[in-house]
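Here are my notes on this one, point by point. They cover the enclosed spaces, the open ones and a few of the helix contacts.

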Amino acid sequence: MDGIQAWFVQQFTELKDKFILCFIDGDRWQWIFDGLLNTLKITLFAGLIGVLIGIIVASVRSSYDKNSESLALRGGFGYHLLRFINGICQLYLTVIRGTPVVVQLMIMYFIILKSSTNGVFVAVITFGINSGAYVAEIFRSGIMAVDAGQFEAGRSLGFNYVQTMRYIIIPQAFKTVLPTLCNEFIALLKETSVAGYVGISDLTKAGDLIRGRTFEAFMPLIAVAIIYLVLVVILTRLVGVLERRLRRSER
Amino acid sequence: MKDKLIEITGLKKHYNGGAVKALDGINAEIDKGEVVVIIGPSGSGKSTFLRSLNLLEIPTEGRILFDNVDITDPNVNINLHRQKMGMVFQHFNLFPNMNILKNMTIAPMTILKKSKAEAEEKAMQLLKRVGLEDRAEAYPSQLSGGQKQRVAIVRALCMEPEVMLFDEPTSALDPEMVGEVLEVMKTLASEGMTMAVVTHEMGFAREVADRVIFMDEGKIIEEGTPEDIFTNPESDRLKSFLAKVL
């Protein structure tokens, strides 16, 4: 009996020592904290950029799908312009979804934004552009899922195309896509963990730095994993609340 | 001399490069205050015809004069003209995420820039007329089919249209709810609203229509007063259609 107790005490003491070594000594918790801040910054701003790009690309793509027939009949400049922009959007989707985000990050960091010394900024831009492609298709599926009659009702009342989208279609589409959108943000949050590839000190990188400095893998990596998990749980809860509020109009 | 409100000339709607002719040369006119009922077998093009009137379907050929403006002209701002053409759909198409009052006020407030108070007063007035003033705060999912369609009618009326287009307004309703919707439409007709109605309700056509148009295969086969159409049909196609539906 005493043996088991002693074993537990020993384990606990070891864990405590490791904890002190990893997080208290040299104020290394500060690394985790700074890394967490960077991760949150990158996720938040990349998410915002992603939604912005997503809405624009989805609008263009679904406008083209919905209006190309009538515009083609009328012909003229508007049709060709929309066709051209639609082509660009499709190219964007193909390239971004067809290449790994780590490669995109390195291309951005070492080639396109070579002159920038702000790693977090580069990460925000890269992940924002990357996320935009996925958000665009999420929004587009939401727009397509809204009954065509809603669109016709809006137009027949005298709303123009943009107003119909803005007041009638998008609010309904948003409700439909919310769970999938939440999924995308979770993926984005975790995807930012590759930022360390180009030397950005995000949460994962901070954990890894501590591992390198202390030769202790368990403590920092598990801590990092738990922090990600907690963030995702909080995010899921928040979206759940929002979803319930938006669903109030349904029985 | 009657006042022409809508004049349609040579209207054609082709699909698949002319393989399918949904509308094949329609000439018609609708006068101010007139109630025109369009009947015909399914696939005859009557819904396509009605939906062409406010350009929900873009015609392949032909002209539509509304208030003496050719609305098929690509340079015309169709949104302005659609405001004056109310439309009621088979499946109601109420906005499910808005309550009834919001359904009715969003267009007047956004498009006509009416104040909230003004738009809501008008909406409540109209709701009262169809006996639904106590459902203003309800959501569409909480209404019966007949109630939804009555709301859809007054939603269109909130824009103070010059003409109302009805696309099979009672076809999706349970039989016991058809009456309440037709009643609202009758009242509207008696108040002098110009109406174009696609319907299978022959009783309504006979009772309310000033003129009945019979369509088949994208063409107008016969038109005339309800008396002409229902009592003295001329063409064989109309005779066989009436034999099936009456």
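1. The second largest cavity has a volume of about 40 Å³. Bear in mind that this is a predicted model. Both chains take part in the walls here: Ser156(A) and Leu157(A) on one side of the list, and Arg82(B), Gln83(B), Met85(B), Gly86(B), Met87(B), Ala156(B), Met159(B) and Pro161(B) on the other. Two elements each supply at least two lining residues, namely α6 of chain A and β6 (85-88) of chain B. Of these, β6(B) gives the most, with 3 residues. By class the lining has 6 nonpolar, 3 polar and 1 charged residues.

2. How many cavities of 30 Å³ or more does the structure hold? There are 2. The largest cavity encloses about 40 Å³, and its walls are Ile55(A), Ala58(A), Phe139(A), Ile143(A), Ile170(A), Ala173(A) and Phe174(A). The elements giving two or more residues to this lining are α2, α5 and α7 of chain A, with α7(A) giving the most, 3 residues. The class count is 7 nonpolar, no polar and no charged.

3. On to the open spaces. The largest pocket holds about 760 Å³. It is lined by 27 residues, and the closest to its centre are Lys66(A), Asn67(A), Ser70(A), Phe151(A) and Arg155(A). Chain A brings α2 (29-74), α3 (77-98), α6 (148-157) and α7 (161-191) to the lining, each with two or more residues, and α2 (78-82) of chain B does so too. The most comes from α2(A), with 8 residues. The lining splits into 12 nonpolar, 6 polar and 9 charged residues.

4. The second largest pocket has about 290 Å³ of space. Which elements supply at least two residues each to its lining? They are α2, α7 and α9 (218-246) of chain A. Again α2(A) gives the most, here with 6 residues. Among the lining residues are Leu40(A), Leu44(A), Val51(A), Phe185(A), Leu231(A) and Leu238(A). The classes come to 10 nonpolar, 2 polar and no charged residues.

5. Now α9(A) and its neighbours. Helix α8 (residues 203-214) of chain A packs on α9(A) at about 165 degrees, the axes lying 8 Å apart. The two helices are therefore roughly antiparallel, and their crossing is right-handed. From α8(A), the residues Leu203(A), Thr204(A), Gly207(A), Ile210(A) and Arg211(A) meet Pro220(A), Leu221(A), Val224(A), Ile227(A) and Tyr228(A) of α9(A). That contact divides into 7 nonpolar, 2 polar and 1 charged residues.

6. Helix α1 (residues 2-24) of chain A also packs against α9(A): the axes come within 9 Å and cross at roughly 75 degrees, which means α1(A) is roughly perpendicular to α9(A). The α1(A) side consists of Leu15(A), Lys18(A), Phe19(A), Cys22(A) and Phe23(A), and the α9(A) side of Phe218(A), Met219(A), Pro220(A) and Ala223(A). By class there are 8 nonpolar, no polar and 1 charged residues. Note that Pro220(A) is in the contact with α8(A) as well.

7. Last, α3(A) and helix α5 (residues 119-145) of chain A: their axes come within 9 Å and cross at roughly 115 degrees, and the crossing is left-handed. Tyr92(A), Leu93(A), Ile96(A) and Arg97(A) of α3(A) face a set in α5(A) that includes Ile129(A), Ala133(A), Tyr134(A) and Glu137(A). This contact has 7 nonpolar, 2 polar and 2 charged residues.

Methods: Residues numbered from 1 in each chain as written. Chains lettered and ligands numbered in written order. Predicted model: local features only at pLDDT ≥ 70, side-chain atom pairs only at ≥ 80, totals over all residues. Heavy atoms only, no water. 1 Å grid on protein atoms, 1.4 Å probe; cavity = no way out; pocket = protein on both sides within 12 Å on 5 of 7 lines; lining within 4 Å. Points joined across faces, edges and corners; volume = space filled by probe spheres on them. Helix = DSSP H or I, 4+ residues; strand = E, 2+ residues; numbered from the N terminus. Nonpolar A, V, L, I, M, F, W, Y, C, P; charged D, E, K, R; others polar. Axes fitted to C-alpha atoms, helices over the stretch in contact; angles between N-to-C directions. Parallel < 35°, antiparallel > 145°, perpendicular 65-115°, else oblique. Left-handed = near helix turned anticlockwise from the far one by under 90°. Contact = heavy atoms within 4.5 Å.
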